[in-house]
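Colleague: Got a minute to walk me through this one? I'd like to go over the pocket, the core and a few single residues.

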Amino acid sequence: MRTWIVLLAGLFTTPALAASFAPDLAHTSVYFGASHFDRSTMRGRFDKIDGAINFDEATSQGGFDFTVDADSINTRLRVLDGVLKSEQFLDAAKFPVIRLRSDRFVVESGKLVAVEAQLTLHGVTQPVRLEARRFSCGDEKMPGSTRHVCGGDFHLAIARSAFGMTRFLPDVGDRVDIDISVEATPQ
């Protein structure tokens, strides 16, 4: 069984006012989709996610470091999962961790609109831009408790060939759309 290591290297370079947030893994997800013979979109998700966030609500600045277990890919089809985990695609045995790290949040008119990050996938690191589809912070009142939460939905598109994954091109699309939903609470 793999030991999860959360890499926290960039979290100490964020502003001093930033608070540490922990993702609520019950409300955090990573989904993906890619064209299949230009007829449909093959979709899946990753089931094992971990990470840490530093965030200053007053300035909407901070940083995060998320890891995903490549072996936790789940398309609901075991045979396809096996192909995607193999050396033909993710090569999860050789590259067990997918990492997304950022220390630059893009704010316009006081609103978080994007995150510039570094994505390490299949042993290759590339800059990416996550578009914020929504993002907010506030209190969630539940029966008997209130908790402060920041969360949002983010989207990015990558060319899998840029990460060295070229098997079945062009029949299986080069563009992979990734949707990330995150909820986090102060630690």
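**Pocket first**

Modeller: Sure. The largest pocket holds about 830 Å³ of space. Keep in mind that this is a predicted model.

Colleague: How many residues line the largest pocket, and which lie nearest its centre?

Modeller: The lining has 47 residues, and those nearest the centre are Val30, Phe32, Phe46, Ile178 and Ile180.

Colleague: And how does the lining divide into nonpolar, polar and charged?

Modeller: You get 40 nonpolar residues, 5 polar and 2 charged.

Colleague: OK, on to the core. Which residues have the most contacts inside the largest nonpolar core?

Modeller: Leu130 and Ile158 do, in a core of 40 residues.

Colleague: What does isoleucine 158 touch, leaving out residues up to four places away in sequence?

Modeller: Its partners are Leu119, Leu121, Val128, Phe163, Asp174, Arg175, Val176 and Ile178. Ile178 also turns up among the residues nearest the centre of the largest pocket.

Colleague: Switching to polar stuff. Where's aspartate 65, and is it buried or exposed?

Modeller: Aspartate 65 sits in strand β5, residues 61-69. Its relative accessible area is 1%, so it counts as buried, the cut-off being under 20%.

Colleague: Which side chain does aspartate 65 pair up with?

Modeller: Arginine 99: the two side chains are joined by a polar contact of 2.7 Å.

Colleague: And asparagine 54, where does that one go?

Modeller: Asparagine 54 is in strand β4, which covers residues 49-56. It counts as buried because its relative accessibility is 10%. Its side chain makes a polar contact with the side chain of serine 20, at 3.2 Å.

Colleague: What about valine 83: why does it count as partly exposed?

Modeller: Because its relative accessibility is 27%, and partly exposed runs between the 20% and 50% cut-offs. Valine 83 belongs to helix α1, residues 78-85.

Colleague: What does valine 83 touch, again not counting residues up to four places away?

Modeller: Gln88 and Phe89. As for glutamate 140, it is 57 residues from valine 83 in sequence, and their C-alpha atoms are 41 Å apart in space.

Colleague: Last one: lysine 94. Buried or exposed?

Modeller: Exposed, because its relative accessibility comes out at 60%. Lysine 94 is in the loop between α1 and β7.

Colleague: How many Å separate the C-alpha atoms of lysine 94 and serine 161?

Modeller: They are 18 Å apart, with the two positions 67 residues apart along the chain.

Technical notes. Residues numbered from 1 in each chain as written. Predicted model: local features only at pLDDT ≥ 70, side-chain atom pairs only at ≥ 80, totals over all residues. Heavy atoms only, no water. Core = buried A, V, L, I, M, F, W, Y, C linked by side-chain atoms within 4.5 Å. Buried < 20%, exposed > 50% of the residue type's maximum accessible area, 1.4 Å probe, protein only. Contact = heavy atoms within 4.5 Å. Helix = DSSP H or I, 4+ residues; strand = E, 2+ residues; numbered from the N terminus. 1 Å grid on protein atoms, 1.4 Å probe; cavity = no way out; pocket = protein on both sides within 12 Å on 5 of 7 lines; lining within 4 Å. Points joined across faces, edges and corners; volume = space filled by probe spheres on them. Nonpolar A, V, L, I, M, F, W, Y, C, P; charged D, E, K, R; others polar. Polar contact = N/O pair within 3.5 Å; in protein donor to acceptor, adjacent residues only side chain to side chain.
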